[in-house]
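I opened this complex today to look at its interfaces and a few charged pairs. Here are my notes, in the order I looked things up.

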Amino acid sequence: MQSIDLHDLTVAELAASLRDRKVSAVETAQHFLNRAQAQAGLGAFLDTDEAVTLRQARAADARLAAGTAGRLEGVPMAHKDIFVTRDFATTAGSRMLAGYRSPFDATVVSRLADAGVVTLGKLNCDEFAMGSANENSAFHPVKNPWDTSRTPGGSSGGSAAAVAARLAPAATGTDTGGSIRQPASFCGITGIKPTYGRASRYGMVAFASSLDQAGVLARTAEDCALLLSSMCGPDPDRDSTSLDVPAEDFTRTLDADINGLRIGVPSEFFGEGLAPDVRAAVDAALKQYEALGARLVPISLPRTELSIPVYYIIAPAEASSNLSRFDGVKFGHRAKNFTDLTDMYEQTRAEGFGDEVKRRIMIGTYVLSHGYYDAYYLQAQKIRRMIADDFQQAFKDCDVIAGPVAPTVAWELGGHGNDPLADYLADVFTLPASLAGLPGMSLPVGFGARNLPVGLQLIGNHLTEARLLNVAHRFQQATDWHTRRPQGI
Amino acid sequence: MNTVVDKKSGANESLLVRGYEVVIGFETHAQLSTQSKIFSRAPTAFGAEPNTQACAVDLALPGTLPVMNKGAVERAIELGLALGSHIAPRSIFARKNYFYPDLPKGYQISQFEIPVVQGGSVEFYLGDEKKSVRLVRAHLEEDAGKSLHEDFIGQTGIDLNRAGTPLLEIVTEPDMRSTAEAVAYAKELHKIVTWIGICDGNMQEGSFRCDANVSVRKPGEPLGTRREIKNLNSFKFMQQAIDFEIRWQIEEIEDGRAIQQATVLFNPDTGETRAMRSKEDAADYRYFPDPDLPPLVIAPEWVERVRASMTELPRVMAARFCADYGLSDYDATALTQSREVASYFEAAAKACGQPKLVGNWIMGEISRRLNAAESDISACPVSAVQLAQLVGRIQDGTISNNAAKQVMDALWTDPQAQVDAVIEAKGLKQMNDTGALEKIVDAVLAANPKNVDEFRAGNAKALNALVGQIMKGSQGKANPQQVNDLLKQKLAG
Amino acid sequence: MSLTLADIDRLAHLARLGLQPDERSLLCSQLNDFFGIVEKMRAVDTSGVVPLAHPVDVRGDMALRLREDIAGEPNQREANQISAPAVESGLFLVPKVIE
């Protein structure tokens, strides 16, 4: 097989070619490393190490030769820089961790490695995964392969851009308030965030502990299913919030019939906040589902808008505490000049953290501080319960929920300028599922203004990832949106 | 409870210090005797090389998460059962946020709103007065690391080996009214945690650290402002520190200065307490439930399993000693100071059936010798079986109390020595052969007509002289009681 | 409710963030803008609602998983301290701590 085609293969196809020895893991890895090199201008990668990658590839080839290959043996993949790795630096997109070396691999990383995945490197993201445009990376922004003047979305912007530009067949991501679904939508690829607790959080640099969840971005639902099957499963020795639910093979039911599927359509997702071009593409996708035998059921998620203040209180509160460990004592950045211990802390954190991170630390510190806890944090946790209950109510009438991922297509880099609120408001459709810990995904369903991709969000009840992937897969069997590629890729 | 409250509300005149009532409450940090840390699998052993027992979780390396140690929860349940507390079926771990170099995460995982152990009390004797100090709560939390200020000129070294060691923070009501009561409480709590084995109780190594909240007030007035004396690591210092603090506070008030709430440290060298450089932001720890840890759920079945597996508590055992062996409250308490003493006593008492005598020997001769040797019962050269044999020989009249002490000397110094062999070898047997004794008596009477007349004339003292002569004649082996009876009977004739 | 520069300074110190003068005022206005959208949330009647701390705990029966008490972490001091800013004979060094 000519290596020129390698980057057009899906994970499933690559895995098969590697298993049949049509192509070697080294050849494959080298091919993608070269592409990453050539497309360095996109800013998708933060760290690569050819020697390490090829070493892993050679080991994969050895296992392929020995017949001890894993399900994903030799398949190359890149990891969001939120996952700690032994073989590559881990920065979480922050100056605070520039050059940081973890003595251990994240559980998700080692699970994929056990399945045979070869690591291409670490992918750019918003600092500590805080952002919706990847412009909060301390190192450099990421460009959207569909229009390099636009954002790829965030916080998993590097992951989405790398997959869309065929620099990697798939990438890990993390989703706290939409950080997998929104960039997948902006870059015209498929991404899934499983149920909270499905994948171990051990080795994920923590942003908001009760919301953070690992997931995957690829070009097809089938690839997502394949990778997710290797990533998920309980991690009892390392993560107290990982669910006692055995690992599942999410590919088994991909082809299940969706005739009679009840798709809930929340009216709140289709208000005037939704851009017409996005709405058109989403409506067309829903029609397509009807053509596939699904039934659209109008539902209501009445507290959709409230999810913005609720999320932006809970996430910063947890972040303000999670980021206290970055104090210049055990690891990471320490200021050069300081007068005493307190000054060392204050200078170190002033230098190490970017503006958005500081903003959220300040918000979180405030809502937890004496006299404000009940009015803000506790109130937010109560409304969080109401939002979760709204979903349980809705799932009485439908099997999955569908709607837009974001109100608009990808915006101009720097488009939201110095207005953090604009970013917050743009998360309105992804936040509710995050607050409720529900699985959600984004699949490409068309194009909006300036030929920029539009994604459809699918939300399922707890532990229904297999169903979500099946619903997305059937759509992709009937359409070719997921095969479209950016100009010049 | 109410009765206790009432008892507490009225000041006991005899306890007033210069007209002030002393009010003391305790917060004790007991390190739990687990193999691994509370949230990581790193070992808890004391005294390892710096940071060799601090794993990635203890160092709060990015991406690490806490996983709760079942052994720590079990020990919390044991303490709760020992103190008659309520074991919360559902308790919550919270984050206490503050910056300090020995606190790797920038927050301490503790319990705030819903602790695992709630209520209960510690009961003990102060002299022969029974005291009861009410617990507010005992909650699970992680210990911090250590700051070494000595070395590294101008800098402090941080050792995180201790970080993550499981702690139970045991908090009392302000129920104590004197230094003596406070120290007695601390000793009783120390006895209980070591007795049930949840803590090694080593105060020098910081396994059992007491903070005393001290305030004074005029009787009937509301509680005064308290100052917290931190890390009292010996009962002696505890006594000195609280005494000093009480005097200091009273003098301040007498001099018209108001007490400022503060955390103070005790300096053993000066015997004084001084306020710490006030911990900044102490007012705002921003507690919130730790999202990394779901609620701690303790099923009633678990509590019952622990209860069934627990050793008999000192209070219960002392009561049993009174009932089964007819000991006084005081003796029973003294003989249940430690599990070792208690089981030594019971073994000996059962073996010879003389609990009171055995008790007296343990509290007297044996503890005197052990104290002199700065040793304890576990190192006692005389086994419970040997003590039982010795007491048996006193009881059956074979030897006198004085002779028994000589036997004890022999047993103490020679581990091979056997009670009866020693009695034989030293010829300590009492003469119980009436015939032989009669001969000596007759001889003595014949040789001392003067004393005999004086006695008959009504001078009782004369009898003692005769007894002395007879004992001498028998080389001290005659049974004094027997001699008296025999003499009286002959002189009466 | 509106945050003042004094509030900003207090919070910044609590969070150990050294702020530049211009940062202070910018943060102050940005936080006040943000709490503008939070007011809606404060108005919601949540009486009788149990706070949701863990997203999958919808039935409120989630229980902490407990680990057997077994020590099993080898000493990895060297690897663990690779990224430490200041270490001497195994100890992390910080500016003098005064008690």
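**Entry 1: a buried lysine**

I began with Lys330(A), which is buried at a relative accessible area of 0%; buried here means under 20% relative accessible area, exposed over 50%, and partly exposed in between (1.4 Å probe, protein chains only). I then looked for its partner: Lys330(A) forms a salt bridge with Asp327(A), with 3.2 Å between the closest N and O atoms. The term covers a side-chain nitrogen of Lys or Arg within 4 Å of a carboxyl oxygen of Asp or Glu. Asp327(A) is buried too, with a relative accessible area of 2%.

A note to self on the ground rules: this is a predicted model, where local features need pLDDT of at least 70, side-chain atom pairs count only at pLDDT 80 or more, and totals for chains, interfaces and linings use all residues. Residues are numbered from 1 along each chain as its sequence is written, chains are lettered from A and ligands numbered from 1 in the order in which they are written, and side-chain values use heavy atoms, leaving out hydrogens and water.

**Entry 2: confidence**

I checked the scores next. The predictor gives the complex an ipTM of 0.97 and a pTM of 0.91. For chain C the mean pLDDT (the predictor's confidence in each residue, from 0 to 100) is 93, and 98% of the residues of chain C reach 70 or more. Among the elements of chain C, strand β1 (residues 66–67) has the highest mean, 98, and α2(C) the lowest, 93. Helices (H or I, at least four residues) and strands (E, at least two) are DSSP runs, numbered from the N terminus.

**Entry 3: chain C against chain A**

How many residues of chain C are in contact with chain A? I found 54 residues of chain C touching 68 residues of chain A, where contact means heavy atoms within 4.5 Å. Together they bury about 5300 Å², 68% of it on carbon and sulfur atoms; buried area is the accessible area (1.4 Å probe) that two parts lose on being put together, summed over both.

Three salt bridges run between chain C and chain A. One of the salt bridges joins Glu73(C) to Arg238(A) at 3.2 Å between the closest N and O atoms. I also noted 20 residue pairs in polar contact (both at pLDDT 80 or more). A polar contact is a pair of N or O atoms within 3.5 Å; within protein, one must be able to donate a hydrogen and the other to accept it, and residues adjacent in sequence count only if both atoms are side-chain atoms.

On the side of chain C that touches chain A, two or more residues each come from α1 (5–14), α2 (21–43), α3 (77–81) and β3 (91–95). The largest share, 14 residues, is from α2(C). By class, that side has 37 nonpolar, six polar and 11 charged residues. The classes are: Ala, Val, Leu, Ile, Met, Phe, Trp, Tyr, Cys and Pro nonpolar; Asp, Glu, Lys and Arg charged; the others, Gly among them, polar.

**Entry 4: chain A against chain B**

Here the contact takes 39 residues from chain A and 33 from chain B. The buried area is about 2900 Å², with 57% from carbon and sulfur atoms.

I counted one salt bridge between these two chains. Which side chains meet in it? They are Arg201(A) and Asp292(B), 2.9 Å from N to O. Both residues are buried. I also see Arg201(A) and Asp292(B) linked with Arg95(B) and Asp290(B) in a network of salt bridges.

For polar contacts, the rule finds 12 residue pairs across this interface (both at pLDDT 80 or more). On the chain A side, α9 (307–322), α10 (341–352) and α11 (355–368) each supply at least two residues. That side divides into 19 nonpolar, 12 polar and eight charged residues.

**Entry 5: two loop residues of chain A**

Tyr373(A) sits in the loop between α11 and α12 (374–394) of chain A and counts as buried at 14% relative accessibility. Beyond neighbours within four places in sequence, its contacts include Tyr287(B), Phe288(B) and Pro289(B).

Thr220(A) is in the loop between β6 (213–218) and α7 (221–231) of chain A. Thr220(A) is buried at 9%, and outside its neighbours within four places in sequence it contacts Thr10(A), Thr190(A), Gln476(A) and His482(A).
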